[in-house]
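Hi,

Here is the structure I said I would pass on to you. Have a look at it first, and then read my notes below.

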Amino acid sequence: MEIKNLDFDINEMQDSDLIDVTSIERESYDFPWNESIFRDCLLSGYKCFTLKKQGIVIGYAILSIVMDEAHVLNICIGQKYQNLGFGDKLLDYLVGESQQAGVKKIFLEVRPSNKKAIALYRKKGFEQIAKRSSYYRHSNGREDAEVYALNMGKIGYIDIQY
Ligand SMILES: CC(C)(COP(=O)(O)OP(=O)(O)OC[C@H]1O[C@@H](n2cnc3c(N)ncnc32)[C@H](O)[C@@H]1OP(=O)(O)O)[C@@H](O)C(=O)NCCC(=O)NCCS
């Protein structure tokens with residue numbers, strides 16, 4: 001599925017996007033993935049997408065689908081383009097891809113301190129189902145992860161628009 005409108009495109013990530021992707025990754029996270037992690041994602045068959053505005057990568061997402069479960073491994077919008085609705089669109093896209101693949105539940109982990117991401121996930125119908133202790137690296141040691149899940153059976157009402 002390839003999505004286009006006047007303002008942005010979402011496409012499969014290519015090797016040639018990795019410089020831009022890792023640059024956004026570095027500005028977005030204290031413990032960013034390096035290029036070889038993204039390369040492994042491409043090679044291992046994860047669904048890897050870029051969101052481009054006028055041909056420039058401004059965001060990306062990595063989704064793993066196994067049987068009827070999906071896992072959002074990364075979703076990120078470059079700092080300059082945050083709070084404009086792109087994260088919302090990219091997450092909708094991942095939900096749409098999952099729906100098409102027959103997924104029943106989508107999972108993701110998030111730092112409890114990441115209030116913005118949590119607000120986005122809740123808005124989209126994700127609910128916290130668990131906590132993983134000491135899951136993330138943190139400058140002071142480790143930080144827990146909150147595990148969220150979206151039950152696809154409950155989202156019939158979502159009007160997914162790109
Ligand atoms: C989390 C992230 C993907 C959200 O993308 P975004 O494009 O900034 O978000 P959007 O503009 O689409 O906003 C979607 C929703 O997020 C929430 N949100 C956005 N900005 C917010 C803020 N400053 N404070 C609280 N909630 C906020 C709101 O619920 C918003 O919906 P609304 O505008 O209808 O109220 C983006 O901030 C990001 O890439 N952050 C760095 C990487 C990261 O933390 N990824 C998630 C890892 S789990």
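One thing to keep in mind from the start: this is a predicted model.

I'll begin with a small spot that is easy to skip past. Find Met67, which sits in the loop between strand 4 (56-66) and strand 5 (69-77). Its phi is positive, about 55°, even though Met67 is not a glycine. Is Met67 buried or exposed? To work that out, count neighbours: a residue is called exposed if 12 or fewer other C-beta atoms lie within 10 Å of its own. Met67 has 9 other C-beta atoms within 10 Å, so it is exposed.

Now go a little further along the chain to Asn83. This residue is in the loop between strand 5 and helix 3 (86-100). Asn83 is not a glycine, yet it has a positive phi of about 65°. The neighbour count for Asn83 is 9 other C-beta atoms within 10 Å, so this residue is exposed.

Next, the ligand. How many residues surround the ligand? There are 19, and the closest are Gln82, Gly87, Asp88, Ala119 and Leu120. Where do the residues of this shell come from? Strand 5, helix 3 and helix 4 (115-123) each put in at least two. The biggest share comes from helix 4, which gives six residues to the shell. If you sort the shell by class, you get nine nonpolar residues, six polar ones and four charged ones.

Finally, zoom out to the protein as a whole. You should be able to pick out four helices and eight strands. Following the sequence from start to end, they come in the order β-β-α-α-β-β-β-α-β-α-β-β. Try tracing that pattern on screen with your finger; it's a good way to get to know the protein.

What about overall size? The C-alpha atoms fill a box of roughly 40 × 40 × 30 Å along the principal axes. A compact globule of 162 residues would have a radius of gyration near 15 Å, and the protein has 15 Å, so the two agree. As for the inside, buried residues make up 27% of the 162 residues. And of the contacts with a separation of 6 or more, 57% are between residues 24 or more positions apart in the sequence.

That's what I have so far. Shout if anything is unclear!

Cheers

Notes
Residues numbered from 1 in each chain as written. Predicted model: local features only at pLDDT ≥ 70, side-chain atom pairs only at ≥ 80, totals over all residues. Rg over C-alpha atoms; globule rule 2.2 N^0.38 Å. Buried ≥ 20, exposed ≤ 12 C-beta atoms within 10 Å, placed from the backbone. Contact = placed C-beta atoms within 7 Å. Near = placed C-beta within 6 Å. Nonpolar A, V, L, I, M, F, W, Y, C, P; charged D, E, K, R; others polar.
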